[in-house]
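The exercises below are meant to be worked through with the sequence and the three-dimensional view side by side. Try each task before reading the solution that follows.

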Amino acid sequence: MNNIENISFPAKDVSILLIEENKEDVRIISEYLKKSTKINASLKIVDRIKKAKTILFYEKFDIVLVDLKVEGITPEELFDTLGKNNLSIPYIVITDERDEDVGIFAVKEGAQDYLVRSELSERILRRTILYSLERHEILESLYKTTIKDELTGLYNRRGLYTLGE
């Protein structure tokens, strides 16, 4: 009989782009990620969405954490930027308590999850990142099954249409 209590997973290497302009929030999130024994985080921090767009063009990240209060972007523009091809990179939005509805809207628009700033802890941040990455992998593999024929491995009609866009 297997003993489920003895299951242990090694820390997961995760490259994270944090889009946040509040230095105190950056410090707190960085500390939480350093404390985590389940995530080996490689963290890159930018304070503007324009910088993030440039970095995302040149570098690969596993996940993006983005504060909805970053100056110079509306939620609609954010969702268009990060959610345009929502299978390319998962993202998590950070909201204030009074903006929780925007967080829910963000998930409907393609975000993997949202975090409420006042409820943030190492455990919640870790769990949200790990669950979001797992959910994203499942969605990606599901999407791939809808564009490729299982028997031949060739693109089906939907796959050819998608490639043509």
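On a 1 Å grid over the protein atoms alone, a pocket is an open set of points with protein on both sides within 12 Å along at least five of seven lines, and its lining residues are those with an atom within 4 Å of a point. The model is predicted, with local features needing pLDDT of at least 70 and side-chain atom pairs counting only at pLDDT 80 or more, while totals for chains, interfaces and linings use all residues. Residues are numbered from 1 along each chain as its sequence is written, and side-chain values use heavy atoms, with hydrogens and water left out.

**Exercise 1. Find which residues line the second largest pocket, and sort them by kind.**

Begin with the list: the lining consists of F9, P10, K12, K38, R123, R126, R127, L130, Y131 and E134. Next, sort these residues, counting Ala, Val, Leu, Ile, Met, Phe, Trp, Tyr, Cys and Pro as nonpolar, Asp, Glu, Lys and Arg as charged, and the others, Gly among them, as polar. The lining then divides into four nonpolar residues, no polar ones and six charged ones. Now ask which element gives the most to this lining: it is α5, with six residues. Finally, the volume of the pocket, taken as the space filled by probe spheres set on grid points that are joined across faces, edges and corners, is about 300 Å³.

**Exercise 2. Describe the order of helices and strands along the protein chain, and then the span of α5.**

Helices (H or I, at least four residues) and strands (E, at least two) are taken as DSSP runs and numbered from the N terminus. Counted in this way, the protein chain has six helices and five strands, and along the sequence they follow the pattern β-α-β-α-β-α-β-α-β-α-α. For α5, the expected span is 1.5 Å times one less than its number of residues. With 26 residues, α5 reaches 38 Å from its first C-alpha to its last, which is close to the 38 Å expected.

**Exercise 3. State what share of the protein chain is buried, and place I55 and I63 in that picture.**

A residue is called buried under 20% relative accessible area, exposed over 50%, and partly exposed in between, using a 1.4 Å probe and protein chains only. By this rule, buried residues make up 38% of the 165 residues in the protein chain. In helix α2, which covers residues 49–58, I55 is buried because its relative accessible area is 15%. In strand β3, which covers residues 63–67, I63 is also buried, since its relative accessibility is 0%. Each of these two can then be set against L17: the C-alpha atoms of I55 and L17 are separated by 8.9 Å, with their positions 38 residues apart along the chain, and those of I63 and L17 are 6.6 Å apart although the two residues are 46 apart in sequence. In α5, the buried residues include L125, I129, L133 and H136.

**Exercise 4. Locate salt bridges, and say which parts of the chain they link.**

A salt bridge is counted when a side-chain nitrogen of Lys or Arg lies within 4 Å of a carboxyl oxygen of Asp or Glu, and a search of the whole structure finds twelve of them. One of them joins E20 to R117, with the closest N and O atoms 3.6 Å apart. This pair links distant parts of the chain, 97 residues apart, for E20 is in the loop between β1 (12–19) and α1 (23–35) and R117 in the loop between β5 (113–116) and α5 (122–147). E20 counts as buried because its relative accessibility is 2%. Both residues also belong to a network of salt bridges that links E20, D25, D67, D96 and R117.

A further salt bridge joins R135 and D113 at 3.9 Å, N to O, and it links helix α5 with strand β5, the two residues being 22 apart. R135 is partly exposed at 33% relative accessibility, and D113 is partly exposed at 22%.

**Exercise 5. Work out how the rings of F57 and Y58 are arranged.**

Rings of Phe, Tyr and Trp (its six-membered ring) form an aromatic pair if their centres lie within 6.5 Å, with planes under 30 degrees apart counted as stacked, over 60 as edge-to-face and the rest as tilted. The structure holds one such pair. The ring centres of F57 and Y58 are 5.0 Å apart and their planes stand at 85°, so the pair is edge-to-face. Both residues, F57 and Y58, are exposed.

Technical notes. 1 Å grid on protein atoms, 1.4 Å probe; cavity = no way out; pocket = protein on both sides within 12 Å on 5 of 7 lines; lining within 4 Å.
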